[in-house]
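Dear colleague,

I am passing on a structure for you to look over, and my notes on it come straight after. Please read them with the coordinates open beside you.

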Amino acid sequence: MKWIKGDFLHKGKGKSIYAIQNHPALVWMEFKDDLTAFNGKKTSSFKGKGALNRDMSSLIFRFLKGEEIENHWMADVNNTGMVCRKLEIIPLEVVVRNRLAGSTARKFQFSEGRPLPSPLVEFYYKQDELGDPFVSSEQALAFGFVSDGEEVEFLKTQALRVNDKLKTFFDSAGLELIDFKLEFGKEKPEEVDGSLHRENLNSKNRFLLGDEISCDSCRLWDKKTGDRMDKDRFRLNLGGIEESYKKVHDLLYRSFPAVRFYEDKLRKDKV
């Protein structure tokens, strides 16, 4: 199918969102070469970063679809674009930690890389100006970020399901998943010419996994060397940022050929 980029809708730190002509229930997500940290206070870029993050996110979303974890990915376009189901993203970052690292380790003065007895799921309010503060389950309900306790439990359970799949995914590529951030949203029917348009609408109207999953949103350590292979190289001025992103990209695509999962599942479903 030929997708035609429409009007500009939203600009984020690492991506820009556009409408898609004649498909009001879908959006065009354009990955940028921009590199940011500390809620946009530190910025840089390198050529080709957008293409690397798009490729990694696309592969991971297709892998998760094959594992029956619904998400917004629909198709890839050009080198940096992704066609996605249009979601109303909730203002929560859902973070899963397998080891303590970064600000959380510093906050409690624990050693970097301290293992946890079981994965830890946390919520943070998506608000750069406030530094994305921690939000408890009770606060998420009280502030209206979710509708009820069932939605809270769904987010936690789904995040743990994703963690279980991604740990195996990255482990097979020689990488350890330390922690990562997820974003979720719901589809909304779009009104077109006075009638509701429900193209590919999730009938249960439940949360779908959105945004991206890449070196920007995951902490990944080399299993053999312990080297950081993610955006921490930029945060901590370690250098080798472009090389690490490229290495992760290549490891994933060598370990998981791009057509192996979602497309195979579609073929089986048609039999």
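What follows is a walk through the findings, from one helix and the cores to a small sheet, some backbone angles and the cysteines. Please keep in mind throughout that this is a predicted model.

I begin with helix H1, which covers residues 49-66 and therefore 18 residues, and which spans 26 Å from its first C-alpha to its last, close to the 26 Å expected at 1.5 Å a residue. Of those 18 residues 16 are buried, so H1 is largely enclosed by the rest of the structure. After the helix comes Glu 68, with a positive phi near 65 degrees. Glu 70 sits in the loop between H1 and E6, and its relative accessibility of 40% makes it partly exposed. Although 139 residues separate Glu 70 from Leu 209 in sequence, their C-alpha atoms are 6.5 Å apart in space.

Turning to the interior, the largest nonpolar core has 56 residues, and the members that touch the most others are Leu 64, Phe 123, Leu 166, Phe 169, Phe 170, Leu 182 and Ile 213. The element that gives the most to this core is helix H4 (residues 149-171), with eight residues. A second core, separate from it, is made of eight residues, including Trp 3, Ile 20, Ala 75 and Val 83. As background, nonpolar side chains tend to be buried together in soluble globular proteins. For a closer view of one residue, Leu 166 is in contact with Ile 60, Leu 64, Leu 177, Phe 180 and Ile 213, when its neighbours within four places in sequence are left aside.

There is also an open sheet of three strands, in the order E8-E13-E16 and with antiparallel pairing. Its edge strands are E8 (87-89) and E16 (208-209), each of which pairs on one side only. Between E8 and E13 (residues 184-187) the antiparallel pairing runs over three bridges, and Leu 87 is placed opposite Glu 187 of E13.

Some backbone angles deserve a check, given that most residues other than glycine have a negative phi. Asn 78, which is not a glycine, has a positive phi of about 45 degrees; this residue belongs to the loop between strand E6 (73-77) and strand E7 (81-85), and at 49% relative accessibility Asn 78 is classed as partly exposed. Asn 237 likewise has a positive phi, near 55 degrees, and is located in the loop between helix H5 (232-235) and helix H6 (241-255). With a relative accessible area of 61%, Asn 237 is exposed, since the cut-off for that class is over 50%.

Finally, how many disulfides does the structure hold? The count is zero. Cys 215 takes part in none, and the nearest cysteine sulfur, which belongs to Cys 218, is 7.5 Å away, whereas a disulfide would need the two sulfur atoms within 2.5 Å. Cys 215 is buried at 0% relative accessibility, and Cys 84 is buried as well, with a relative accessible area of 0%.

With best regards

Technical notes: Residues are numbered from 1 along each chain as its sequence is written. This is a predicted model: local features need pLDDT of at least 70, side-chain atom pairs count only at pLDDT 80 or more; totals for chains, interfaces and linings use all residues. Side-chain values use heavy atoms; hydrogens and water are left out. Helices (H or I, at least four residues) and strands (E, at least two) are DSSP runs, numbered from the N terminus. Buried means under 20% relative accessible area, exposed over 50%, partly exposed in between (1.4 Å probe, protein chains only). A nonpolar core is a set of buried Ala, Val, Leu, Ile, Met, Phe, Trp, Tyr and Cys residues joined through side-chain atoms within 4.5 Å. Contact means heavy atoms within 4.5 Å. Two strands pair if DSSP finds at least two bridges between them.
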